[in-house]
2 protein chains.
Amino acid sequence: MKNRDKNRARGRVGTPNELELLRKIKRSARLGGQNRQNFGIQLGIGDDAALWRPQRGHETVLTTDWFLEGRHFLRNSHPPEAVGWKCLARAVSDVAAMGGEPRCCLVSMGLPPDCARGWLDQYLKGLSRAARKFDCPLAGGDTTRFKAILINVSVVGEVKSGTAVKRSGACVGDRIFVSGRLGEAELGLGFLRKGIAPSAESALLQRHLYPIPRIALGSWLASNRLATAMMDLSDGLSSDLARLCSASGTGARIFAEKLPFSGGAFARRFDIKQRFDAALHGGDDYELLFCVKRNQVARIPRRFAGVELAEIGEVTARTGIALIDSFGNQSLLEAAGWDPFRK
Amino acid sequence: MKNRDKNRARGRVGTPNELELLRKIKRSARLGGQNRQNFGIQLGIGDDAALWRPQRGHETVLTTDWFLEGRHFLRNSHPPEAVGWKCLARAVSDVAAMGGEPRCCLVSMGLPPDCARGWLDQYLKGLSRAARKFDCPLAGGDTTRFKAILINVSVVGEVKSGTAVKRSGACVGDRIFVSGRLGEAELGLGFLRKGIAPSAESALLQRHLYPIPRIALGSWLASNRLATAMMDLSDGLSSDLARLCSASGTGARIFAEKLPFSGGAFARRFDIKQRFDAALHGGDDYELLFCVKRNQVARIPRRFAGVELAEIGEVTARTGIALIDSFGNQSLLEAAGWDPFRK
């Protein structure tokens, strides 16, 4: 976080607001980095750049993600704390999807003047909670004023050399797995749309607001060389599986009745068709989609660290994604990735 | 660069425009990374994250910078090729300011639909030219649609462990140096404001549009342990020197007649007061400001790789920046960092 704001007026460098902002951000960064000898961060916020010490025998995993007002969140519907949590969770999920572990992050913010206090405090609270939870402290960033809230998060992670899992490694016959229950974040967004206030009661809403990237699972699959291909489910199974297959030069067959969709008390407010569609096309779950060689399937547990792992289909030579219903009928699953703010 | 766009409509994943965009970006990335075994990039654009192999005995330098339409550039005044060049040059300059060398970058773009072709082509041309020039290929990013052009660039660099130069190391008695001629980018912006078209004739305009970060100089100063403190001049000497002094717990004294301001034919269209003010307060030069122990001053050449190095003053115990004029009169230099788009 550079100590500058490009739009300051002559002679007004360091107005209380700017200093306050930087102080707040530094405080959040510290909260995120107090364990494990600062995670290799040699120099954090306040200089031209941050310094970080990579571990021997590891490759660096690099990813960056937008989180923009009106596009990825709505200022008046999404609690600022959830915005802070989710902007980091999404980027960390990309690191998990390679089998890596997050090490530190750079967070750039564009802030309208009226967000510089109350909104920002809550946002930083969420960001710093996520940074602690994911062991991913803030190492730097850039802050400026803008008419909409702009967030860009880059995460630096690590993976043991040669163990990262790409999208492109799936082979014909591999079994396809997903973690968790699919479509829950989308159902949660349904609650948000209906104006139901965020509350601890609604597990689905929590899934939309506070997604948890599957870091330990991704890392375990990679270090044990169990996954041939992997990615995170950010845009919905139908779109993301199509991408994995396209990168691998394969197709896939998935079984409708094996899809782990939501059955909890809150989910039942939605009919089965809605829940099934959400599982196929709903975005923002941040679960892992991965492929496993047939002879390794027995090594995949039913649950990993409390998260269900479901075998949902297999990789095929024929391109396209075939969906098999419970009567054995086959249809082509169209990629229908979904955007929460589409009208 | 993830192969996704959050706002696609159901069933319209991979419309020609999106694929075209990704193809264009991939092409630019390749252009940026064709020398020196791909600069350690093990996996580039197209997966969940990029993979990069750090060198032994080095620390990783991390920085991120906004470059936003209406704030850091104007769509109708700044050639898109210059926007592409400058967004990377600015972030690379932060790595140079630590004494590091850039290795790769992540570029996130928000694009209005009407920029997706002509503007983007020129922008990518400039970005890819800069990536080649700075040995800093594109490893990844994130692309989305937005009403204004948003650019965020993160650069990953390296520096030999323990040699990075911070802002905070200046000691009383150290001599203060700057590279290049100060204020030229600001004078160049003056031309742009007057509507003088970009042309190779105007060296000043080039300085505003196509700044060159001082990578080799920064790296040489760091690896030879010649600089006690260093930063890049992005906001103007009066602001940036105040920041270096504040980080070091010192003040400084600088001599007006030693300031290397612009004297070229084009610069003379501005009067001496304008040129002097631009040297003190003008932003966007991306020259290096550094401090050198008195007994090391003889080791600093007058020119380094064609760039002048000027000793402009010294570090003092008394806080604040004193400006000494040619009669020996002393005045307090107010930090007056300048924003090109302030009204």
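## Helix H2 of chain A

The 17 residues of H2(A) should span 24 Å at 1.5 Å a residue, and the end C-alpha atoms of this helix are 24 Å apart, which agrees. This value, like the others in this report, is computed from a predicted model.

H2(A) is also largely enclosed by the rest of the structure, because 17 of its 17 residues are buried.

## Chain A as a whole

Chain A contains eight helices and 14 strands. Of the 343 residues in chain A, 58% are buried. Contacts in chain A between residues at least 6 apart in sequence can be sorted by separation: 85% of them join residues at least 24 apart.

## The two domains of chain A

Chain A is divided into two domains, with domain 1 covering 16-160 and domain 2 covering 167-332. Between the C-alpha centres of domain 1 of chain A and domain 2 of chain A there are 27 Å. Where these domains touch, domain 1 of chain A contributes 19 residues and domain 2 of chain A contributes 20 residues.

On the domain 1 side of this contact in chain A, three elements each supply at least two residues: helix H2 (80-96), strand S4 (101-111) and strand S6 (150-160). The largest share of that side comes from H2(A), with nine residues. Sorted by class, the side of domain 1 of chain A that touches domain 2 of chain A has ten nonpolar residues, four polar and five charged.

## Helix H7 of chain A

Helix H7 of chain A runs over residues 237-248, twelve residues in all. From its first C-alpha to its last, H7(A) reaches 16 Å, close to the 16 Å expected at 1.5 Å a residue. Just after H7(A) comes A:Gly249, with a positive phi of about 70°.

H7(A) is mostly covered, with ten of its twelve residues buried. The buried residues of H7(A) are A:Leu237, A:Ser238, A:Ser239, A:Asp240, A:Leu241, A:Ala242, A:Arg243, A:Leu244, A:Cys245 and A:Ser248. Their cover includes four strands of chain A, S8 (229-233), S9 (251-255), S10 (287-292) and S13 (321-324), together with helix H8 (272-281).

## Strand S7 of chain A and its partners

Strand S7 of chain A, residues 175-179, is mostly covered: four of its five residues are buried. S10(A), which is among the elements covering the buried residues of H7(A), runs antiparallel to S7(A) and is joined to S7(A) by four bridges. Within this pairing, A:Val178 has A:Leu289 in S10(A) as its bridge partner.

S7(A) also pairs with strand S12 of chain A (residues 307-316), in the antiparallel sense and over five bridges. Here A:Arg175 stands opposite A:Glu314 in S12(A).

## How chains A and B meet

The contact between the chains takes 62 residues from chain A and 62 residues from chain B. On the chain A side, strand S3 (residues 58-68) gives the most, with nine residues. By class, the side of chain A that touches chain B has 25 nonpolar, 17 polar and 20 charged residues.

Strand pairing also crosses between the chains. S3(A) and strand S2 of chain B (residues 50-52) run antiparallel and are joined by three bridges. A:Leu62 has B:Ala50 in S2(B) as its bridge partner.

## Symmetry of the two copies

A turn of 180° and a shift of 0.0 Å along the axis lay chain A on chain B with an RMSD of 0.0 Å. The two copies are thus related as by a two-fold rotation axis.

Of the interface residues of chain A, 100% are also interface residues in chain B, so the copies meet through the same surface.

## A loop residue in chain B

In chain B, helix H3 (118-133) and strand S5 (138-145) are linked by a loop in which B:Asp135 lies. B:Asp135 counts as partly exposed because it has 17 C-beta neighbours inside 10 Å, while a buried residue would need 20 or more. B:Asp135 and B:Cys104 are 31 residues apart along the chain, and their C-alpha atoms are separated by 7.7 Å.

Methods
Residues numbered from 1 in each chain as written. Chains lettered and ligands numbered in written order. Predicted model: local features only at pLDDT ≥ 70, side-chain atom pairs only at ≥ 80, totals over all residues. Domains from an automatic or database assignment. Contact = placed C-beta atoms within 7 Å. Nonpolar A, V, L, I, M, F, W, Y, C, P; charged D, E, K, R; others polar. Pairing = 2+ DSSP bridges. Expected span 1.5 Å × (residues − 1). Least-squares fit on C-alpha atoms with pLDDT ≥ 70 in both.
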